[in-house]
Every structure is written in structure tokens, then in C-alpha cells.
Amino acid sequence: MSHSHHNLLGEPPAALLPATPEADAELAEGATAAEVVAHHPTVSSLWATLAEESLGRPERTLPDTIEAYAYARTGYHRGLDALRRNGWKGFGPVPWSHEPNRGFLRCVTVLAKAAEAIGEHDEQERCTQLLRDCDPSLAPEASLSVICGPLASAL
């Protein structure tokens, strides 16, 4: 006879960040991520774009990796702030399927890769675990291709 144990409190509801239409409009009008982040510094997707660009440079140097780390770290913290403002308690699902969550998740992914590149293995492991906790479909081997697309091969 098997006994299964269920969490009687249940899992918290998924954290769903709000859309950022003003920043999206500026990008659609041709502004760069750097220009838009100057007006909307709380938008993680902008920081993620800057981090991905830095880490994805064809002739990437150590300063590029450090730059990516800094951008990703900033977007990560801005994302944590936004998640908390939207009811996240530091745990529970942050699904990739919800488009506005992707900026935060992309920042965590690039932060993990940049940390790994500079030998900060504890940070890389924490970020990888956070990705698993936020959305289990983002397994470490799959998360780069899902989150970063073509950039994954450069990482």
C-alpha cells in the first residue's frame, strides 16, 4: 500500500508580471534597449537584452562577460522587486509561458551563464535552481535554447 503525501496548503498561484506597453512601444519605434532602459529601468526584459548582447558578442572578451553579468544582475533584482510587488513570496511558479515573465527568466539564465564563465559556480547553481523552481519546464539543458534562442549556441 502506498501513501502519497500532498501539500495541504497547495502551491502558491503563479506570479504573473504586468506587461510593459510604454517600453515596448519605444522599442517598436526603433529605440535601442539601452535608450529605453534609461526611461524604464525597472523592465527586466531590457536588461536581459543588454546582457544577451554582451554575452553573445562573436569575439567576446572578459569585460563583455562582466558587462553581461552586471546587466543580468540588475535585471534579476529589478525582476525580483516586480515579482514581490505582484504578490510573489520568494517561491512558487513564475511561468515562462506568460510573456512578461520572460525578461526576468532571461536575466536569471544569462546571470547563470556569466557566473559560470567567471568561475562563480555557487551563483551559477543558485540561478539554475531558481529557474527550475520558477518553471520546471526550464530544465538546465533546455533553458538556454528556450530562453536565449540563437544566443544559446554562443554561450
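This report walks through a predicted model of one protein chain, from its overall layout to a few single residues.

## The whole chain

Let's begin with the big picture. The chain contains 8 helices and 0 strands. Reading from the N terminus, the order of elements is therefore simply α-α-α-α-α-α-α-α. Out of 155 residues, 41% count as buried. What about contacts along the chain? If you take those between residues at least 6 apart in sequence, 62% join residues at least 24 apart.

## Helices α3 and α4

Two helices are good places to practise reading a structure. Helix α3 covers residues 44–55, and helix α4 covers residues 62–85. You can check a helix by comparing its expected span with the distance between its end C-alpha atoms, as in this table.

| Helix | Number of residues | Expected span at 1.5 Å a residue | Distance between end C-alpha atoms |
|---|---|---|---|
| α3 | 12 residues | 16 Å | 16 Å |
| α4 | 24 residues | 34 Å | 35 Å |

For α3 the two values agree, and for α4 they agree as well.

Next, look at what each helix hides. In α3, 9 of the 12 residues are buried, so this helix is largely enclosed by the rest of the structure. The buried residues of α3 include Leu46, Trp47, Leu50 and Leu55, and also Glu52.

Helix α4 has its own buried set, with Asp64, Thr65, Ala68, Tyr69, Ala72, Gly75, Tyr76, Gly79, Leu80, Ala82 and Leu83. As you read along those numbers, one idea is handy: an α-helix has 3.6 residues a turn, so residues three or four places apart point the same way. Which helices help to cover the buried residues of α4? Among them are α3, α5 and α6. Just after α4 comes Gly87, which takes a positive phi of about 95°.

## Two residues of α4: Thr65 and Glu67

Thr65 is found in helix α4. Is Thr65 buried or exposed? Its relative accessibility is 5%, and because that is under 20%, Thr65 counts as buried. Its side chain makes a polar contact of 3.4 Å with the side chain of Arg60. Leaving aside neighbours within four places in sequence, Thr65 is in contact with Leu55, Arg60, Ala114, Ala117 and Ile118.

Glu67 also lies in α4. At 28% relative accessibility, Glu67 counts as partly exposed, because that class runs between 20% and 50%. Setting aside residues up to four places away in sequence, Glu67 touches Ser54 and Arg57. The side chains of Glu67 and Ser54 are joined by a polar contact of 2.6 Å. Glu67 and Ala114 are 47 residues apart in sequence, while their C-alpha atoms are 9.1 Å apart in space.

## Where α5 and α6 come in

Ala115 belongs to helix α5. With a relative accessible area of 0%, Ala115 is buried. Its C-alpha atom is 8.7 Å from that of Thr65, although 50 residues separate the two along the chain. Beyond residues up to four places away in sequence, Ala115 touches Tyr69, Glu120, Glu123 and Gln124.

That list leads us to Glu123, which sits in helix α6. Glu123 has a relative accessible area of 7% and is buried. Which side chain makes a polar contact with that of Glu123? It is the side chain of Arg126, at 2.8 Å. Not counting residues up to four places away in sequence, Glu123 touches Tyr69, Arg73, Leu111 and Ala115. Tyr69 thus appears among the contacts of Glu123 and among those of Ala115.

## The largest pocket

Finally, take a look at the largest pocket, with its volume of about 380 Å³. Its lining is made up of 19 residues, and those nearest its centre are Pro18, Thr20, Val43, Ser45 and Pro100. Which helices each supply at least two residues of this lining? They are α3, α4 and α5 (102–117). By type, the lining divides into 7 nonpolar, 7 polar and 5 charged residues.

Definitions and conventions
Residues numbered from 1 in each chain as written. Predicted model: local features only at pLDDT ≥ 70, side-chain atom pairs only at ≥ 80, totals over all residues. Heavy atoms only, no water. 1 Å grid on protein atoms, 1.4 Å probe; cavity = no way out; pocket = protein on both sides within 12 Å on 5 of 7 lines; lining within 4 Å. Points joined across faces, edges and corners; volume = space filled by probe spheres on them. Helix = DSSP H or I, 4+ residues; strand = E, 2+ residues; numbered from the N terminus. Nonpolar A, V, L, I, M, F, W, Y, C, P; charged D, E, K, R; others polar. Expected span 1.5 Å × (residues − 1). Buried < 20%, exposed > 50% of the residue type's maximum accessible area, 1.4 Å probe, protein only. Contact = heavy atoms within 4.5 Å. Polar contact = N/O pair within 3.5 Å; in protein donor to acceptor, adjacent residues only side chain to side chain.
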